[in-house]
Amino acid sequence: MKCCTDVGGTFTDCLVLDDQGEVHAFKSPTTPEDPTLGLTNALSKAARSFSMDLPRFMSNVHLLIAHGTTLSTNALLTGRIAKVGLLATKGFRDTIEIRRGYKNIRTSRFNVFVPPYKPLVPRDLRFPVEERTLYTGEILKPLKEEDIYPAIQKFKKERVEAVAICFLHSYINPAHEKRALEICRQELNGVYVTASHEVLPVYREYERFSTTVVSAAVGPITAHYLKALENRLREIGFKGTLYMVQGGGLVQSVEESARRAVSLIGSGPAAAPAGAIRLGQCIGSNNLFSVDMGGTSYDVCLIRNGEIPTTDYNWVGDERVAMKMVDVPAVGAGGGSIAWIDSLGLLRVGPQSAGADPGPACYGKGGIRPTVTDADLILGYVPADYFLGGEISLKTDLAEKAIRAVAEPLGIDLPTAAMTIFIAVNSLMADKMMELSTKRGYDARDFALVVGGGAGPVHGAYLADRLEIPTIIIPRYAATYSAFGMLNMEVGRDFARSLISRKSLMDLERVNSLFAEMELEARQVLGEIGIAPQETVFRRSMEMRYLGQFHEVEVTEVPLGKIGPKELEGITEAFHRRHKALFTFDMTQREVEFLNVCLKATMRQEPLRLAEIPQGSGKPDQALKRHRPVLWSLARGFEETPAYDGTRLKCGDRIAGPAIIEEPATTVVIPVSYDCTVDKVKNYILSRR
């Protein structure tokens, strides 16, 4: 069996792929004080469903994919990070504070009242080391090891928990960083130590230094969590292979994840687009919106031509993280997002969230503020007696009490307030989708919408209606969407080397040497986790720009094997095409500059085969569960609406809106303007009339 787990802000999801190809989904509340407890609870539910005790179940799991995204990301955002020391080339210890003159990135650069940026490493813990490597890799000044030992003594005195080593041009020749790393690991027992050539071996000092410092800052807490996770899994009988999801959209070993802790940032949202592409194949579409609405956030990814978009222009709070990550912007809109009234007397939703503890008011766990889930309950979209398959009984009276807190100041009744919250959060999410599509020149109507997350199927049709998206895919695994995406992800790692050369001055021997170097390293790294060379797949790319441009474009049409003049010309032509596709113009007469050569090394794998469900008659009468009141329109009031049992629906069944489908872990809301068809792998395909 293969198992995927997703530790979210509100729920921990578990998805099990059995030996017959059937997928089973389970959810359990996240335990923020110790995420491994929530994970164990979810695995225990899975074990019970297979009529096994937990140790026996875990002994049958040969592969477990997990991630602790909220851990490293939230640690950085909340400031609960390690105390970090920095060793930098003499004269460059202030690079992370100067940071190209950036102020707070969420304000105007002309706002003179923005407080100064506070670097992760205070200046008294940033130590200069005399050494100098040139951009060619030549050593100009040898490493002065005597400068390292006083810094180490200071680190010990100040009880520094992590050390980042950042020297100039170490991406081309890491000899000095390697020696400094060796000394620090010998002298600083128990301290997390990392170097920039391990984390991000590419040019641009600020980006490399900042990313390395971030990796050091979250390194100890990440390493501690991963060790605790391994220990907990060992205690409950797991003897298989454990992988962690990376923010770049691949999965990697625990050891590699601990060594490059920054790679776990953004790993949760990174999984979902891989699942969206697999689901899009069910309707023959490779232009997709992948959206995931959980309890805390709403993640969006725009997929064109079946390619998952990535970017290295990432900010986490005020910190620059230049790792290649899946481009999945998020907005604070989830089932637990709190409704409030601003200073102008307008109702707003989010970004504050009730989270897992205490959660929405209707959970009855102490929450008193109105949330989106409370509004969904009052409107009748979410059943009070079948939330999470009946495991959680929602309290309608508590939801009503919470919603009145915003209804009374606004002078509106309870249903109107609930509908206003519902519309407000839908508008917020639709605006984010427009930002990724319409504002970038893409027509949202040309895309299908893949909806995931526990709250996503409740709101998905309304989002599509706002943007006039004709087709919606709601998978049976919607509530465990990210975990489902993990089943479709590749095991591997991204590699990069800086080249920095104009086309007219290109040294092709060096290009081939860099690719050969990365391929050798890739075979070693993947070999450490048991992937044989014949099972390894290489995909090359190059980051390029027109001379004088600031931002580069990644070109994926780079052939394997030796790169000669003919291949170089083909890569250049591919760059012109890519630039025109992105920006509507190209400059074929202008000199082209090559910046970085990249390699993605993954394990060869077969596409996931989804189990099919029995064929039905097309009429869902056998699955009709009940009728219950639902508010579809304030003008018409509550209407008795058919609610269907999702577990009894069959392939080909058609349901005309308005209707509700009650799944054990989510609720599919079908408005009056949509029809729903169940396909052979139990996706709900909603089509606009």
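**Strands and helices of a predicted model**

Reader: In what sense do β11 and β12 pair?
Author: They pair in the antiparallel sense, and three bridges link β11 to strand β12 (residues 250-253). Keep in mind that this is a predicted model.

Reader: Which residue is the bridge partner of Val245 in β12?
Author: Val251 is.

Reader: And how many residues lie between the strands of that hairpin?
Author: Four residues sit between β11 and β12 in the hairpin. Gly249 takes a positive phi there, near 95 degrees.

Reader: How many bridges join β4 to β11?
Author: Four bridges join them. Strand β4 (residues 63-66) and β11 run parallel. In this pair, Leu63 of β4 stands opposite Thr241 of β11.

Reader: Why is β11 described as largely enclosed?
Author: Four of its five residues are buried, so the rest of the structure largely encloses strand β11 (residues 241-245).

Reader: What is the order of the ten strands in that open sheet?
Author: The order is β3-β2-β1-β4-β11-β12-β24-β27-β25-β26. The pairing is mixed.

Reader: Which strands stand at the edges?
Author: β3 and β26 (553-558) do. Each has a single partner strand, so one side of each is left without a neighbour in the sheet.

Reader: By how many degrees are neighbouring strands turned against each other?
Author: The average is 30 degrees, with direction ignored.

Reader: How many bridges does the β25 and β27 pair have?
Author: Eleven bridges. Strand β25 (residues 536-546) pairs with strand β27 (residues 592-603) in the antiparallel sense. One bridge puts Arg539 with its partner Lys600 in β27.

Reader: Which strands does helix α16 lie across?
Author: Helix α16 (residues 508-527) lies across β12, β24 (490-502), β25, β26 and β27. Its direction runs at about 160 degrees to β24.

Reader: And which strands does α17 touch?
Author: Helix α17 (residues 565-583) packs on the sheet and touches β25, β26 and β27. Its direction makes about 135 degrees with that of β26.

Reader: New topic. How many residues does helix α1 have?
Author: Helix α1 (residues 35-49) has 15 residues. From its first C-alpha to its last, α1 reaches 22 Å, close to the 21 Å expected at 1.5 Å a residue.

Reader: How many of the residues of α1 are buried?
Author: Eleven of the 15 are, so α1 is largely enclosed by the rest of the structure. Among them are Pro35, Gly38, Leu43 and Lys45.

Reader: What covers the buried residues of α1?
Author: The cover includes β1 (2-7), β2 (11-17) and β3 (23-29). It also includes helices α2 (54-59) and α8 (205-235).

Reader: What comes just after α1?
Author: Ser51 comes just after α1, with a positive phi of about 55 degrees.

Reader: At what angle do α1 and α8 pack?
Author: At about 35 degrees, with their axes 10 Å apart. The crossing of α1 and α8 is right-handed.

Reader: Which residues make the contact?
Author: From α1, Pro35, Thr36, Leu37, Leu39, Thr40 and Leu43 take part. From α8, Tyr225, Ala228, Leu229, Arg232 and Leu233 do. These residues divide into eight nonpolar, two polar and one charged.

Reader: Is Leu233 buried or exposed?
Author: Leu233 is buried, with a relative accessible area of 3%. The cut-off for buried is under 20%.

Reader: Which residues does Leu233 touch?
Author: Leu233 touches Leu43, Met58, Leu64, Phe238 and Leu242, leaving out residues up to four places away in sequence.

Reader: How many Å apart in space are Leu233 and Arg208?
Author: They are 34 Å apart, C-alpha to C-alpha, and 25 residues apart in sequence.

Reader: What about the open sheet of eight strands, what is its order?
Author: The order is β19-β14-β13-β22-β23-β34-β33-β30, with mixed pairing. Its edge strands are β19 (330-331) and β30 (654-656), each pairing on one side only.

Reader: How many bridges join β33 to β34?
Author: Five bridges join strand β33 (residues 674-678) to strand β34 (residues 684-688), and the two run antiparallel. Tyr674 has Arg688 of β34 as its bridge partner.

Reader: Which strands does helix α10 lie across?
Author: Helix α10 (residues 267-280) lies across β13 (288-293), β14 (298-303), β22 (448-452) and β23 (471-474). Helix α10 runs at about 130 degrees to β13.

Reader: And α13, which strands does that helix lie across?
Author: Helix α13 (residues 414-436) lies across β13, β14, β19 and β22. Its angle to β14 is about 30 degrees.

Conventions
Residues are numbered from 1 along each chain as its sequence is written. This is a predicted model: local features need pLDDT of at least 70, side-chain atom pairs count only at pLDDT 80 or more; totals for chains, interfaces and linings use all residues. Side-chain values use heavy atoms; hydrogens and water are left out. The expected span of a helix is 1.5 Å times one less than its number of residues. Buried means under 20% relative accessible area, exposed over 50%, partly exposed in between (1.4 Å probe, protein chains only). Contact means heavy atoms within 4.5 Å. Two strands pair if DSSP finds at least two bridges between them. Axes are lines fitted to C-alpha atoms, for helices over the stretch in contact, and angles run from 0 to 180 degrees between N-to-C directions. A crossing is left-handed if the near helix is turned anticlockwise from the far one by less than a right angle, and right-handed if clockwise. Ala, Val, Leu, Ile, Met, Phe, Trp, Tyr, Cys and Pro count as nonpolar, Asp, Glu, Lys and Arg as charged, and the others, Gly among them, as polar.
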